[in-house]
Amino acid sequence: MFQYVVRRLVYGLITLLALSIITFTLLQNTGGDPLDRIKSNPRITQQAVQEMAVFYGLDQPITKQYLTWAGNFVQFWNYPTAWGRSFQGPQQVQALVINRLGGTARLMFTALGLAVLIGIPLGIYQAIKQYSFFDQATTTFSFVTFSTPIFVLGLGLQIILALKLEQWTGVKFFYTSGMNSTSYADFSLGEKIGDTLQHLALPAASIALISIAGYSRYQRASMLEVLHSDYLRTAKAKGLSQRTVIVKHALRNALIPVITLISLDIAGVLGGAVITESIFAWPGMGRLYIQAIGQNDWPIVMAVVMLIGVMVVVMNLFADLAYGWLDPRVRYD
Amino acid sequence: MTDRNLPPGDGYAALDEAEGLTVEPVTQWQLFRSRFVRHRLAMMAAVVLGIILALALFADFLPLENPTDQLEDDNGRIVNLLSPRAEYWFGTDELGQDVLSRVIYGGRTSLTVAVLTGLMVATFGTLVGSIAGYYGGWIDTLLMRFTDLILSLPLLPVAIVAAAWLREAFRGREALSLAILLGTLLWGTLARIVRAEFLSLREKEFVEAARAAGARDRRIIFRHILPNALSPIIVNATLVIGLAIILEAALSFLGFGVRPPEPAWGAMAANGGRLAVGGSGAWWLVLFPSVALIVTVLSVNFLGDGLRDALDPTQTIERR
């Protein structure tokens, strides 16, 4: 077990190393000098641009640049200078990214919370009432949602629930962009909560809907498998009540695969946040990522990609460990 | 269905016929066909996909406007942001381009990328999976570690960075480069599936028989084992095509896909969304490319589901 974890962590580190090299190499060849914006400013002299390139280390060979970046990056405790400086301004990348992490976390936890609270009971109920009208209708809905790209969902919610609803009723229910209104600081507590929810609702719902579709499909299949198993027939034959059979015998086992799915989904949602945050102008890590790629601000791109990479590695390991811990039939080798 | 064209010398058939015990041989293909046809949703999906494919393939022969032409009225004014009407079924966009034409040509882009991706994944995943599964040992370990590595990269962030690079490196051939990118990122799952199939199939008697008969590795892999592992390959490749359509659309939505004015569904939806949020009221710019996307992906996924049910003889068909 200990050996297994150690080996998985070593593989994880190799993955992260590969990820950093691939991303770094791609970014160097993406075209566009990171200092383009500065160079295009006529008031900045050639001399000053040179000095800036030296300051950022851009005059060094690429391998040297990579090694310097990697050496500093792993020393993340040197806050806030460890992850370098943005090419576009005076911000330290580490401070910037950690600041944006809050926005992403708020969106992600809300969406995943909703998805777990709705998706899992939905899947269980669908399985218990297999082939009922409710099952057919919700399964079809899940299938359609699952086949819908998240940006279509986001745009649809934005146009129908924010723009059209406001046009029809004259009341603003939801906002289409940002995390809070500009006058947020002057609001009373109640207004603050309302304002936050009005901003959060649509981006969270678009992530949650797709995850709900995925979780319920998976939970339904896993529950059906358990419901048709021999030990469940035994439990019923013993004369246990329907409730006990489902809650005590079926549910526990049917939840195991779904827990794995959810831990893997967290990393996926984090990657997918790039799209949702772009649609809703949400000040999170994903939006920062897209903007930084556009400006070839690679220290930011590297920091975000590595954070997401770490999440993927950690959640993958967590999923496998949780699976083994919950299901004693699983052995590690 | 009895084959009436049997050679006259077929003794068994003649014998069966004489005894009135006609055993009708049913081929794998017939089994598959009868199961698939019973899957009504999958049949419908196949028809819809056929129509979409035909539209994309024969777009040049349809009476459509050029997707990148800025259309003008009789007075030479550009007809931009027209709502759907008899002349322009899907309306026109802010540049005066015909949305119907762009949706159809955009489908050509999406489907080209997706089908190429599917082919790449099928080829590469099968190759890696079968070699790893057949030979085992250090080859297996090496290939599977590599597969794990690819599978544990964060898909969307890596795809975005790579697409940003490809746009510079393959200017003008974005569709092909996107397919190469998605193919490179998505073959891992199939490789794992094929490997698992090979691990169990290589122990079967018929493989041993082939080896005893002196067949070489390549022949055993491609002639004996692979045909038996075809079902999961086809199903997975189909599902990958659905995923590729979504990813291509997401990349072009974010501005890292096919370059405008070339039409692509994701970019069209993004552009329409921006205008709609800006208050243009031009709902048709968002609706039509989005519906095209959803219908296509949904059909591919239904088709994949149907194929899975039909190709796997151990499964009973779930009545829908």
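Which residue forms a salt bridge with Glu174(B)? Select Glu174(B) together with Arg259(B), its partner in this predicted model; the closest N and O atoms of the two are 2.9 Å apart. Glu174(B) belongs to helix H7 (residues 174-186) of chain B, and Arg259(B) to the loop between H11 and H12 of chain B, so the salt bridge ties together parts that are 85 residues apart in sequence. Glu174(B) counts as buried, at 8% relative accessibility.

**Other salt bridges**

Over all chains, the structure holds 12 salt bridges. Please move next to helix H13 of chain B, where Asp305(B) and Arg308(B) lie three residues apart, about one turn of the helix. Their closest N and O atoms are 3.3 Å apart in a salt bridge. Asp305(B) is buried, at 10% relative accessibility, whereas Arg308(B) is partly exposed, at 34%.

Select Arg145(B), Asp148(B) and Arg192(B) to see a network of salt bridges. In chain A, display the side chains of Glu166(A) and Lys172(A), which form a salt bridge at 3.1 Å, N to O. Glu166(A) is partly exposed, with 29% relative accessibility, and Lys172(A) is also partly exposed, with 36%.

**The interface of chains A and B**

Now show both chains. Contacts join 36 residues of chain B to 41 residues of chain A. About 3,400 Å² is buried between the two chains, 81% of it on carbon and sulfur atoms. On the side of chain B, select Val161(B), Trp165(B) and Phe253(B): these supply 16% of the area that chain B buries against chain A, more than any other three residues.

How many salt bridges does the rule find across the interface of chain B and chain A? The count is zero, while three residue pairs are in polar contact between these chains. To view the side of chain B that touches chain A, colour helices H5 (137-151), H6 (155-169), H11 (230-254), H12 (265-277) and H13 (283-311) of chain B, each of which gives two or more residues to it. The residues of that side comprise 26 nonpolar, five polar and five charged.

**Into the core**

Finally, select Tyr289(A). Beyond its neighbours within four places in sequence, Tyr289(A) contacts residues of chain A, including Val274(A) and Val305(A), and residues of chain B, including Pro157(B) and Val161(B). Tyr289(A) is among the residues with the most contacts inside the largest nonpolar core, which has 168 residues. Others so listed include Phe151(A) and Ile160(B).

End at Thr23(A), in helix H1 (residues 2-28) of chain A. Thr23(A) is buried, with a relative accessible area of 3%. Residues up to four places away in sequence aside, Thr23(A) touches Met302(A), Val305(A) and Val161(B).

Definitions and conventions
Residues are numbered from 1 along each chain as its sequence is written. Chains are lettered from A and ligands numbered from 1 in the order in which they are written. This is a predicted model: local features need pLDDT of at least 70, side-chain atom pairs count only at pLDDT 80 or more; totals for chains, interfaces and linings use all residues. Side-chain values use heavy atoms; hydrogens and water are left out. Helices (H or I, at least four residues) and strands (E, at least two) are DSSP runs, numbered from the N terminus. Buried means under 20% relative accessible area, exposed over 50%, partly exposed in between (1.4 Å probe, protein chains only). Contact means heavy atoms within 4.5 Å. Buried area is the accessible area (1.4 Å probe) that two parts lose on being put together, summed over both. A salt bridge is a side-chain nitrogen of Lys or Arg within 4 Å of a carboxyl oxygen of Asp or Glu. A polar contact is a pair of N or O atoms within 3.5 Å; within protein, one must be able to donate a hydrogen and the other to accept it, and residues adjacent in sequence count only if both atoms are side-chain atoms. Ala, Val, Leu, Ile, Met, Phe, Trp, Tyr, Cys and Pro count as nonpolar, Asp, Glu, Lys and Arg as charged, and the others, Gly among them, as polar. A nonpolar core is a set of buried Ala, Val, Leu, Ile, Met, Phe, Trp, Tyr and Cys residues joined through side-chain atoms within 4.5 Å.
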